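This report introduces a protein structure to a reader who has not met it before. Please keep the sequence and the model in view while reading.

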Amino acid sequence: MPLDAITLTHLTRELDARLAGSRVDKIYMPDKNEAVLLLRAREGNVRLLLCASQNGARLQLTTSQRENPKVPPMLCMLLRKHLVGARLLSITQEPLERVVRVQFEVVSELGDLEPRQLVLEMMGRTSNMILLGPQETVLAALHYIDMSEGKNRQLIPGVRYRLPERPDKLDVCEGLEVLEQVAMSREPTPCDRHLLDSLLGLSPLLAREMAFLSCGTVDLPMSALDEEARVRLVRSLSALFTGEGSVPTLLMDAQGTPVDFSCMPIAQYGTLYSCEPCQNYSVMLDRYYALRDAAARKKQKTQQLDRVLKNATERISKKLSHQRAELTEFRDRDKYRIYGELLTAGLSQVPKGAAFVDLPNYYEEGTPLLRIPLDVSKSPALNAQGYFKKYQKAKNGEQVLKGQIEKGEQELAYLESVQLSLEQAESEAEISSVREELTQGGYLARPRGEKPKKSGQRAPEKPMRFLSADGFPILVGKNNTQNDMLVTKVGEKQDIWLHVLGCAGSHVLVQSGGKPVPDTTLEQAAQLAALFSKASPKEKVPVTYTALKNVKKPSGAKPGYVVYFSSQTAYVTPPEDLLHTLSEQGSEKEDGARDGGKR
């Protein structure tokens with residue numbers, strides 16, 4: 001949901017109390033719409049995030065760290081020029097508007113104190129970030145506005161800053177009596193829509209909640225409200241606007257994932273969502289947007305790779321379909337040999353220029369007549385030779401097609417493993433690893449001017465590492481590169497290798513240290529193999545396991561592909577708390593490392 005003006009009011013008060021008097025140490029822009037100010041505050045070093053994106057405009061303290069571009073945007077360089085070393089004076093909100101002013105005090109080149117402001121406008125598609133100098137003149141902005149664009153204000157360097165046009169709604173700041181005016185309406189408009197259209201600062205979620213608290217439903221028309229409901233509506237609106245009972249609250253689904261947030265507990269969804277109070281508003285926003293933004297960034301960065309994998313999979317699947325159909329025809333090749341032999345034996349019985357001939361079939365009991373199609377432009381002998389050639393071509397073609405089909409099936413399985421690695425990749429480094437793998441495999445063109453990195457130049461990637469209940473390290477590959485590393489570099493001959501049967505998944509390695517591996521450890525390793533595979537979350541997933549000495553990587557094989565022999569199979573069902581259980585027992589798993597590989 002967008003950050004509504006009422007929630008923003010509580011947030012800015014909280015930030016102002018915590019950050020007033022702090023100093024700006026560093027400034028970064030990990031995204032073109034986001035600025036992160038590293039502040040030295042009373043409570044220590046903190047990160048203040050200002051985001052002007054279309055779907056997530058907000059202001060908050062954050063603990064997450066993002067990769068920064070190699071070349072900072074122009075706005076970032078201007079912010080550094082004017083604000084690094086500045087003292088943060090206050091954080092204020094325009095009354096019931098989604099506009100926040102972060103006011104600073106800087107020392108000019110002449111040693112004088114000068115004001116600076118960083119204004120954040122959080123208004124959906126028109127969200128913006130503006131740096132103001134003395135007399136509120138515009139120094140820089142994320143998005144400039146020229147009068148030629150037909151807007152009602154100009155936003156270019158040197159002009160005086162003007163606030164966005166204010167909506168034509170009632171302002172509670174002028175007096176709480178406006179709430180009674182709104183509640184006494186007899187219009188047929190649904191209650192939530194009437195509140196949203198009448199009062200400044202409300203969001204659709206809060207408007208529905210006010211209607212629900214007063215009427216027990218969200219779509220009852222204003223004309224149907226009785227006097228008690230109108231009294232409850234005024235009381236609920238008054239508590240909302242005055243901040244009575246304000247609690248930063250996350251709405252959680254059944255899986256414990258944040259789906260929305262608010263400045264108060266939300267009751268309108270019943271048991272569909274649960275409410276979880278947060279320590280403060282920054283924690284609330286950090287938790288909510290961490291998952292959402294990570295998913296959005298991943299989708300943006302993996303979109304091209306998804307398309308490449310999809311196109312390659314469709315192309316190979318279509319080719320395999322044609323090859324299998326052709327193979328079916330080739331398997332019926334014996335009829336051509338029989339046609340040729342019967343024609344050779346009965347040349348004298350074939351009329352010249354006939355389109356077909358019926359000859360006794362000596363290969364069937366009772367020698368029934370068999371109709372043989374003929375080419376009228378050829379002699380009976382040439383027709384016989386033609387059938388022998390068809391038979392030989394089909395015989396040779398079957399062997400070639402079997403090899404091509406096997407190769408295509410292996411490539412299809414390989415692409416499925418890369419797709420799994422991409423789906424489970426969480427960090428940019430893991431996505432880059434998949435991109436490099438596809439580029440080296442010829443599925444993706446390397447950008448012009450970019451040279452391939454040598455293996456020694458790439459940052460070493462670490463597989464996920466767990467500790468079993470018996471104290472044995474269990475390594476899980478995140479992608480095909482790490483799967484190969486586990487088999488060819490990390491593992492010892494006596495270690496146990498595991499992989500799910502029949503579909504793409506991670507290679508799992510139990511480091512035995514020369515000791516016998518207990519059944520408990522084998523079961524946990526098999527559960528990890530099942531969890532990090534395409535088979536998850538099925539029940540009774542077949543997982544094969546064997547000593548690593550029985551696993552070989554064929555020369556020239558695609559990344560992640562191995563052959564093995566003398567293996568056993570276990571059927572396991574990964575418990576929901578498997579990762580939590582293993583983590584409690586000493587996992588050294590990397591942050592964000594939840595990926596899979598290939599057989």
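Which residues form a positive surface patch? In this predicted model, the patch is made up of Arg315, Lys319, Lys407 and Lys558. Of these, arginine 315 lies in helix 7, which covers residues 281–330.

**Salt bridges**

The count of salt bridges comes to 20. One of them pairs glutamate 121 with arginine 153, whose closest N and O atoms are 2.6 Å apart. This pair connects distant parts of the chain, with the two positions 32 residues apart in numbering: glutamate 121 belongs to strand 7 (residues 113–121), whereas arginine 153 sits in the loop between strand 9 (138–141) and helix 3 (177–183).

**Open sheets**

An open sheet of six strands follows the order 15-16-18-17-19-22, with antiparallel pairing. Its edges are strand 15 (464–467) and strand 22 (568–572); each has a single partner strand, so one side of each has no neighbour in the sheet. From one strand to the next, the twist averages 25°. Within this order, strand 17 is followed by strand 19, and five bridges join the two. Isoleucine 496 has alanine 547 in strand 19 as its bridge partner.

Another open sheet has three strands in the order 11-10-12, again with antiparallel pairing. Strand 11 (258–262) and strand 12 (274–277) are the edge strands, each pairing on one side only. On average, neighbouring strands of this sheet are turned by 30° against each other, direction ignored. Strand 10 and strand 11 are joined by four bridges, and methionine 252 has proline 258 in strand 11 as its bridge partner.

**Hairpins and strand pairs**

How many residues join strand 2 to strand 3 in a hairpin? The connection runs through two residues. Strand 2 and strand 3 are antiparallel and share eight bridges; leucine 37 has leucine 48 in strand 3 as its bridge partner. A hairpin also leads from strand 3 to strand 4, here through six residues. These two strands pair in the antiparallel sense over five bridges, and arginine 47 stands opposite threonine 62 in strand 4.

The antiparallel pairs described above are listed here.

| Strand pair | Residues | Bridges |
|---|---|---|
| Strand 2 and strand 3 | 34–41 and 44–51 | Eight bridges |
| Strand 10 and strand 11 | 249–252 and 258–262 | Four bridges |
| Strand 17 and strand 19 | 496–500 and 541–547 | Five bridges |

Notes:
Residues are numbered from 1 along each chain as its sequence is written. This is a predicted model: local features need pLDDT of at least 70, side-chain atom pairs count only at pLDDT 80 or more; totals for chains, interfaces and linings use all residues. Side-chain values use heavy atoms; hydrogens and water are left out. Patches are made of residues with over 30% relative accessible area and no salt bridge: like charges are joined within 9 Å, nonpolar side chains (Val, Leu, Ile, Met, Phe, Trp, Tyr) within 5 Å. Accessible areas come from the Shrake-Rupley method with a 1.4 Å probe; for residues, only the protein chains shown count as cover. A salt bridge is a side-chain nitrogen of Lys or Arg within 4 Å of a carboxyl oxygen of Asp or Glu. Lys and Arg count as positive and Asp and Glu as negative; His and the chain ends are not counted. The place of a charge is taken as NZ of Lys, CZ of Arg, CG of Asp or CD of Glu. Two strands pair if DSSP finds at least two bridges between them. Axes are lines fitted to C-alpha atoms, for helices over the stretch in contact, and angles run from 0 to 180 degrees between N-to-C directions.
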